[in-house]
Amino acid sequence: MSLKRKAAEVATDAKKVKPNASITSFFGAPKPKPGAPAAATSTAAANFDKDVWISKLSEEQKDLLKLEIETLDDSWLPHLKDVLVSDRFLELKRFLKKELASGQTVYPPMKDVYSWSRHTPLNTVKAVVLGQDPYHGPNQAHGLCFSVRPPTPAPPSLKNIYTAIKKDYPEFESPPKNGGLLTPWADRGVLLLNTCLTVRRGDANSHQGKGWEQLTQKVIDTVAKTRTGGVVFLAWGKPAQDRIKAVNGERHHILKSVHPSPLSASRGWFDCHHFKKCNDWLVQRYGAGSEIDWNLNVDPEEAGV
C-alpha cells in the first residue's frame with residue numbers, strides 16, 4: 001500500500017512510487033514491536049489547534065510566517081511552533097524578506113523550502129539523512145538534501161551515494177538519464193534534511209548562521225523524541241555527526257561515515273555499507289517488510305515531478 005500524503009499537498013507531490021521486486025519496498029510508518037508505539041504524541045501536540053495558534057499571532061508574525069503556515073506539514077507544526085515564534089527565527093524571516101525584496105535569487109524556490117516535511121510527515125519517518133547547505137545553482141535545490149530535479153544530472157556526492165548503494169544492492173538502479181531526484185526515498189520515510197534550508201544563488205553558505213540551524217536542530221530532536229520505536233540516523237561527515245550528538249543510541253540506530261563528497265569519499269565512504277546496515281536494523285527492529293526500497297529508477301511523473 002503506497003504512503004499517502006495529506007490532501008493539502010500539491011498534485012505534483014501526490015504521486016505514488018512503484019515498488020521494486022528486488023529490493024523490498026516499505027510503504028507506511030514502521031510497525032512497532034508489541035507494546036512499543038512507533039511515535040509518542042505529546043499532550044501539547046495532541047491538543048494543538050492550528051487556527052487558534054494562528055489567531056494569537058501578531059500581524060507581523062502572520063506575515064513573516066506565511067510560508068510556514070501554508071507549506072509546513074501539519075504533523076511537524078505542533079513540535080516546531082515555539083521555534084517559529086522565537087526572536088531568532090523571526091529575525092531570519094525578516095532577513096529572507098529583505099533578500100527577496102532586494103532582487104536576490106534564493107534557492108530552493110520558496111514553495112519547496114519545506115517540501116521535506118510534506119514528503120515525509122513526522123509519523124512516517126524511519127530514517128534520517130542530514131545534509132548541510134542547499135545547492136546554490138538553478139534547477140537544483142528543491143527542499144530535500146542531496147536531491148536535484150531533472151534534467152539536472154546527479155551531483156558528484158550523489159553519484160558516490162549511488163555507488164555505495166550498488167555495493168550493497170547490485171540490482172540497484174539510479175534514476176534515468178543520470179538523474180538525481182530523491183523524492184521516492186522521501187515518500188518511503190527517509191527524511192532528507194539540510195541543516196540550512198535556503199541559500200543565495202551562487203553563494204554557498206550565505207544563509208548559514210541566520211537561524212535555520214535552530215529550527216532544523218529542533219526537527220532532529222523531535223524525531224529522536226517522538227519516534228519512540230527507533231529510527232536510523234545516517235550521519236555523513238563531522239557536521240552531520242555533531243548535530244546528532246544528543247540522540248539516544250540505544251533507542252535509535254546511528255550510522256556514521258565520512259561525507260560522500262569527492263573530497264572525502266576515498267577515506268571509507270564506498271565501504272560504509274550504510275544502506276544494507278540501515279535495512280538490516282529496520283528488519284531486526286520491526287520485522288520483514290520494514291526495509292527501505294532504495295531503488296530510484298521510476299517514472300519522473302510517479303516521483304512527483
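A crossing of two helices is called right-handed if the near helix is turned clockwise from the far one by less than a right angle, and left-handed if the turn is anticlockwise. In this predicted model, the crossing of helices H5 and H10 is right-handed. The briefing below covers that helix pair, and then an open sheet of 4 strands across which H10 also lies, at strands E2, E3 and E5.

**Helix pair H5 and H10**

- The axes of helix H5 (residues 77-84) and of H10 come within 10 Å, and they cross at roughly 150 degrees.
- Because angles over 145 degrees count as roughly antiparallel, H5 and H10 are therefore roughly antiparallel to each other.
- On the H5 side the contact is made by His79, Leu80, Val83 and Leu84, while H10 contributes Gln214, Leu215, Lys218, Val219, Thr222 and Thr226.
- Sorted by class, the residues in this contact of H5 with H10 are 5 nonpolar, 4 polar and 1 charged.

**The sheet**

- The strands of the open sheet follow the order E3-E2-E5-E6, and their pairing is parallel.
- At the edges stand strand E3 (190-194) and strand E6 (253-257), each of which pairs on one side only.
- From one strand to the next, the twist averages 20 degrees.
- Strand E2 (residues 127-131) and strand E5 (residues 232-236) run parallel and are joined by 3 bridges; Val128 has Phe233 in E5 as its bridge partner.

**Helix against sheet**

- Helix H10 (residues 212-226) lies across E2, E3 and E5, and its direction makes an angle of about 155 degrees with E3.

Conventions: Residues are numbered from 1 along each chain as its sequence is written. This is a predicted model: local features need pLDDT of at least 70, side-chain atom pairs count only at pLDDT 80 or more; totals for chains, interfaces and linings use all residues. Side-chain values use heavy atoms; hydrogens and water are left out. Two strands pair if DSSP finds at least two bridges between them. Helices (H or I, at least four residues) and strands (E, at least two) are DSSP runs, numbered from the N terminus. Axes are lines fitted to C-alpha atoms, for helices over the stretch in contact, and angles run from 0 to 180 degrees between N-to-C directions. Contact means heavy atoms within 4.5 Å. Angles under 35 degrees count as roughly parallel, over 145 as roughly antiparallel, 65 to 115 as roughly perpendicular and the rest as oblique. Ala, Val, Leu, Ile, Met, Phe, Trp, Tyr, Cys and Pro count as nonpolar, Asp, Glu, Lys and Arg as charged, and the others, Gly among them, as polar.
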